[in-house]
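Visitor: I would like a close look at one part of this protein, the disulfide, and at what lies around it. Please take it step by step.

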Amino acid sequence: MSTLKALIAVKADLASSIAIRYACQLAELTGLRLQTLYVVKPDQQGHTHTPGTGWVRETWEDAMVLKGRDSIAQLIQAEKITCPGLGNPKMVAGKRDMEILHELQVSDYDLFTEGILHAFEPANFLKKVHSRLYRNLPCPVLMVKNLVGLEKGILALGEDSDMQSCVSVFLKLFEGVEVDLDILCCRFQDTGGAAGRGPSSRSEAGLRAAEKMLSEKGCSPRASRVVQGVSDSLDRSLRDYGLVLSSLSRENIEKSPIVDLLSRTPSPVLIGWH
């Protein structure tokens with residue numbers, strides 16, 4: 001049984017329900033242990049400032065959590081029907097991103113998960129990836145956009161992506177698990193087609209390196225290929241997969257075309273950081 005554990009940040013909404021159900025599929029497949037977290041925002045109850053310190057603050061926080069408990073308890077109880085191993089949620093009061101980051105840092109999770117419903121406008125996804133929370137995550141993040149099956153996964157990488165980091169994230173979760181895996185290396189063009197023609201030796205070398213790392217762990221990919229184009233056309237290459245895995249550099253998120261590609265796919269996205 002896996003000793004890995006994931007934190008799922010939830011709200012009383014459809015996105016959280018989908019995230020929980022998808023994470024439960026992942027847990028059933030890999031043995032991943034799940035913990036949900038609900039953060040009650042002060043302004044949700046008409047408060048703008050945290051009152052006092054010591055027992056005054058603790059009493060206020062307890063009251064805030066109690067007010068948000070019913071709606072989240074109903075959500076978790078409904079999901080337990082299909083995911084019996086789902087435990088009771090942790091509930092805290094405070095600023096959502098700060099409390100999530102604190103929980104991830106003090107409890108040593110292997111994966112952070114939250115729901116973000118897919119839309120044809122990628123702005124919400126990009127806002128998340130560029131946020132302070134995501135830039136400081138101490139572990140990979142799973143962004144669940146749709147509830148789909150986990151039969152097929154794909155490593156989606158740019159020529160500048162860290163192949164080893166992405167493969168390592170996959171192996172940590174799925175080594176020894178039966179999942180069909182493909183590898184896609186993207187040569188991104190600008191609107192003028194500046195990337196050149198045909199697969200580069202760099203792209204092919206990256207694919208071979210990833211194939212070797214996976215094969216050495218008994219996870220040989222089903223297929224691998226290089227594609228070329230712009231992100232709003234390459235996203236069609238990712239649509240038939242139950243999970244898209246990639247790797248991002250924290251320092252170069254704004255300049256990475258792979259981010260725009262990931263924002264456009266309707267599939268759940270698992271991002272490792274380097």
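Guide: A search of the whole structure, which is a predicted model, turns up 1 disulfide. Its partners are Cys 24 and Cys 83, with a distance of 2.2 Å from S to S. These two residues come from distant parts of the chain, 59 residues apart. Cys 24 sits in helix α1, while Cys 83 belongs to the loop between α2 (54-79) and β3 (90-93).

The disulfide also has a handedness. The torsion about the S-S bond of Cys 24 and Cys 83 is about -95 degrees, so the disulfide is left-handed.

Are the two cysteines of the pair buried or exposed? A residue counts as buried when its relative accessible area is under 20%. Cys 24 has a relative accessibility of 9%, so Cys 24 is buried. Cys 83 has 8% and is therefore buried as well. Two further cysteines can be judged by that cut-off. Cys 166 has a relative accessible area of 1% and so is buried. Cys 219, with 10% relative accessibility, counts as buried too. For the protein chain as a whole, 51% of the 274 residues count as buried.

Now to the surroundings of the pair. Cys 24 and Cys 83 both help to line the second largest pocket, and both are listed among the residues nearest its centre. The others in that list are Ala 27, Glu 28 and Leu 34. In total 14 residues line this pocket, and its volume is about 220 Å³. Two elements, α1 (14-30) and β2 (33-40), each supply at least two residues of the lining. Helix α1, the helix that holds Cys 24, gives the most to the lining of the second largest pocket, with 5 residues. By type, the lining of this pocket divides into 7 nonpolar, 4 polar and 3 charged residues.

The largest pocket can be set beside it. Its volume is about 350 Å³, and 18 residues line it. Those nearest the centre of the largest pocket are Asp 160, Ser 161, Lys 255, Ser 256 and Pro 257. The elements that give two or more residues to this lining are β7 (180-188), β9 (243-248) and α9 (257-264). Strand β7 gives the most, with 3 residues. The lining of the largest pocket is made up of 6 nonpolar, 7 polar and 5 charged residues.

There is also an enclosed space to mention. The search of the whole structure finds 1 cavity of 30 Å³ or more, and about 60 Å³ of space lies in it. Its lining consists of Leu 4, Asp 110, Leu 111, Pro 140, Val 169, Lys 172 and Leu 173. Helix α6 (residues 163-174) gives the most to that lining, with 3 residues. The residues around the cavity divide into 5 nonpolar, no polar and 2 charged.

Finally, the chain that holds all this has 9 helices and 10 strands. Among its contacts with a separation of 6 or more, 78% are between residues 24 or more positions apart. The protein chain exposes about 13500 Å², and carbon and sulfur atoms supply 49% of that area. To return to the part you asked about, the disulfide joins Cys 24 to Cys 83, and both residues line the second largest pocket.

Technical notes:
Residues are numbered from 1 along each chain as its sequence is written. This is a predicted model: local features need pLDDT of at least 70, side-chain atom pairs count only at pLDDT 80 or more; totals for chains, interfaces and linings use all residues. Side-chain values use heavy atoms; hydrogens and water are left out. On a 1 Å grid over the protein atoms alone, a cavity is a set of points where a 1.4 Å probe fits but cannot get out, and a pocket is an open set with protein on both sides within 12 Å along at least five of seven lines; lining residues have an atom within 4 Å of a point. Grid points are joined across faces, edges and corners, and a volume is the space filled by probe spheres set on the points. Helices (H or I, at least four residues) and strands (E, at least two) are DSSP runs, numbered from the N terminus. Ala, Val, Leu, Ile, Met, Phe, Trp, Tyr, Cys and Pro count as nonpolar, Asp, Glu, Lys and Arg as charged, and the others, Gly among them, as polar. A disulfide is a pair of cysteine sulfur atoms within 2.5 Å. Buried means under 20% relative accessible area, exposed over 50%, partly exposed in between (1.4 Å probe, protein chains only). Contact means heavy atoms within 4.5 Å. Accessible areas come from the Shrake-Rupley method with a 1.4 Å probe; for residues, only the protein chains shown count as cover.
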